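User: Hey, could you walk me through this one? I'd like to get a feel for how it's put together.
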Amino acid sequence: MPTPSIPWSIYRDLWTPMPAGPKGPYLAGKIVVITGATSGIGLEAIKQLAKASPEQLILAARSIEAGEKVLNDLKKAHPNIKGKVIYLDLMKLESFKSFVEELKAFDRVDLLINNAGINPMFEEAPYKSTEDGYERTFQVNVLAPLLLTLMLVPQLTKSSEPKVIYSGSDGHLVADSDLIETSISNNESIVKAYNDAGKYQNPKRYFESKLLLQMTTRSLIKYLPSISTINVNPGLAMTNLGREWVPIITFETFRTIVWVMFNTRTVGKAARNLTSAAAWQGGSQDYWTGGVPAASENLYLYSGKGVKATQQFFEEMLEEVEKISPGCTSDISLKQ
Ligand SMILES: NC(=O)c1ccc[n+]([C@@H]2O[C@H](COP(=O)([O-])OP(=O)(O)OC[C@H]3O[C@@H](n4cnc5c(N)ncnc54)[C@H](OP(=O)(O)O)[C@@H]3O)[C@@H](O)[C@H]2O)c1
């Protein structure tokens, strides 16, 4: 499978200096919930968020021990910080119920950051299903953020300025739309296609998952206007995201490593994308990159086919999450 060619806009975003990060107590009085704060971009993001005086910093983590360590380290630097670690494994949908229940101890959620993600990007990564029966990249990167958001709508809408941020990726710019288009022309479900082992292809899946996430957040902006939605591209950074990669030394691998080393930004700068979006007061944004609001430059999404696919996919996803958590879509009206 050839690696997709890199569009100019990705280089432009990575090499344009980012504005300074937000300063001051922009999270004062805000209850913040974040997934994926035990590593990489999420970990750097909460270090930055802790400086903004949040009322509560709640870490949703699949390892309570790892989460507690992060929170304790934060408390050393910010003794006044209040927070909690709550168990949530995005690969186990059963854990969402107890997570949401436990979160009810707080009277609202002002900011949810759906940051956790996985990237089993490499050719040798096989199809793996979760215990819930979904392909794991699809479940963690696409289904989980939507489900968590919708299950938390009652908590979010108690906030005077509810906001949900998603860690998207500029990878969505190079994502293939073939599987989506084939499903539509065969009158088949897009969701089913992405969870069909026979249709699974790597290293495409990570990029595709971020395209599906972009389609989802674009739909949420339209159909859940009571909550600000921002799809943030942190940009390429060296984290544990490639943890499954077992490099086989070839010229191609060497070239990839050099390319990545040359083009990455620091994890702190990647996290600054999340924190600048957290401080943003201007409402929903289709995409956020280089520390500023932007519009996705994926031309497929603007085409007639892309618009139709976005609608079909969102409707299918609503059916899916409704099966998992009945009633969670009740605030969404597809009628405009
Ligand atoms: N790094 C990049 O170049 C880059 C570029 C664009 C977008 N992004 C996006 O940024 C986000 C963060 O990635 P990262 O680079 O910081 O990767 P990372 O270092 O691997 O961190 C991923 C985080 O997600 C958590 N996570 C993974 N699977 C989970 C699950 N089943 N349940 C709960 N938590 C889970 C991990 O928890 P554990 O500590 O328990 O593993 C970890 O905290 C992802 O959405 C990624 O797609 C990254």
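User: Which residue in β5 does isoleucine 113 stand opposite?
Analyst: Isoleucine 165. Keep in mind that this is a predicted model. The two strands involved, β4 (residues 111–114) and β5, pair in the parallel sense over four bridges.

User: And what is isoleucine 113 in β4 a bridge partner of, over in β1?
Analyst: Isoleucine 34. β1 and β4 run parallel too, joined by three bridges.

User: OK, back to β5. How many bridges does β5 have with β6?
Analyst: Five, again in the parallel sense, with β6 covering residues 228–232. One pair to look at there is serine 167 with its bridge partner in β6, valine 232.

User: Is β5 buried or exposed?
Analyst: Five of the five residues in β5 (163–167) are buried, so the strand is largely enclosed by the rest of the structure. That goes for both faces: Lys163, Ile165 and Ser167 are buried on one side, and Val164 and Tyr166 on the other.

User: What's the strand order in the whole sheet?
Analyst: The order is β3-β2-β1-β4-β5-β6-β7-β8, an open sheet of eight strands with mixed pairing. At the edges sit β3 (83–87) and β8 (292–294), each pairing on one side only. On average, neighbouring strands are turned by 25 degrees against each other, ignoring direction.

User: Which strands does α2 lie across?
Analyst: β1, β2 (56–61) and β5, and α2 runs at about 165 degrees to β1. Helix α2 (residues 40–50) also gives the largest share of the shell around the ligand, three residues.

User: Oh, the ligand. Which residues are closest to it?
Analyst: Gly36, Gly40, Ala116, Gly117 and Thr239 are the closest of the 30 residues that surround the ligand. By class, that shell has 16 polar, 12 nonpolar and two charged residues.

User: Switching topic: which residues touch the most other members of the largest nonpolar core?
Analyst: Ile46 and Leu59, in a core of 85 residues. Helix α5 (residues 136–151) supplies the largest share of this core, 10 residues. As background, nonpolar side chains tend to be buried together in soluble globular proteins.

User: What does leucine 59 touch, then?
Analyst: Leaving out residues up to four places away in sequence, leucine 59 touches Ile34, Ala37, Gly67, Val70, Leu71, Gly83 and Val85. You've met Ile34 already, as the bridge partner of isoleucine 113.

User: Now the backbone oddities. Where is the cis peptide bond to proline 203?
Analyst: It runs from asparagine 202 to proline 203, with omega near 5 degrees. Proline 203 is in the loop between α8 (190–194) and α9 (205–223).

User: What about phi angles? What's the phi of serine 53?
Analyst: Positive, about 55 degrees, although serine 53 is not a glycine. Serine 53 is in the loop between α2 and β2. With 16 other C-beta atoms within 10 Å, serine 53 is partly exposed. Asparagine 187 is another non-glycine with a positive phi, about 60 degrees. You'll find asparagine 187 in the loop between α7 (178–185) and α8.

User: Is asparagine 187 buried or exposed?
Analyst: Exposed, because asparagine 187 has 6 C-beta neighbours inside 10 Å, and the cut-off for exposed is 12 or fewer.

User: Last one: how far apart are glycine 24 and serine 53 in space?
Analyst: 8.1 Å, C-alpha to C-alpha, with their positions 29 residues apart in sequence counted as separation. Glycine 24 is in the loop between α1 (8–15) and β1 (31–35), and is exposed, with 10 other C-beta atoms within 10 Å.

Note on methods. Residues numbered from 1 in each chain as written. Predicted model: local features only at pLDDT ≥ 70, side-chain atom pairs only at ≥ 80, totals over all residues. Buried ≥ 20, exposed ≤ 12 C-beta atoms within 10 Å, placed from the backbone. Pairing = 2+ DSSP bridges. Near = placed C-beta within 6 Å. Nonpolar A, V, L, I, M, F, W, Y, C, P; charged D, E, K, R; others polar. Core = buried A, V, L, I, M, F, W, Y, C linked by C-beta atoms within 7 Å. Contact = placed C-beta atoms within 7 Å. Axes fitted to C-alpha atoms, helices over the stretch in contact; angles between N-to-C directions.
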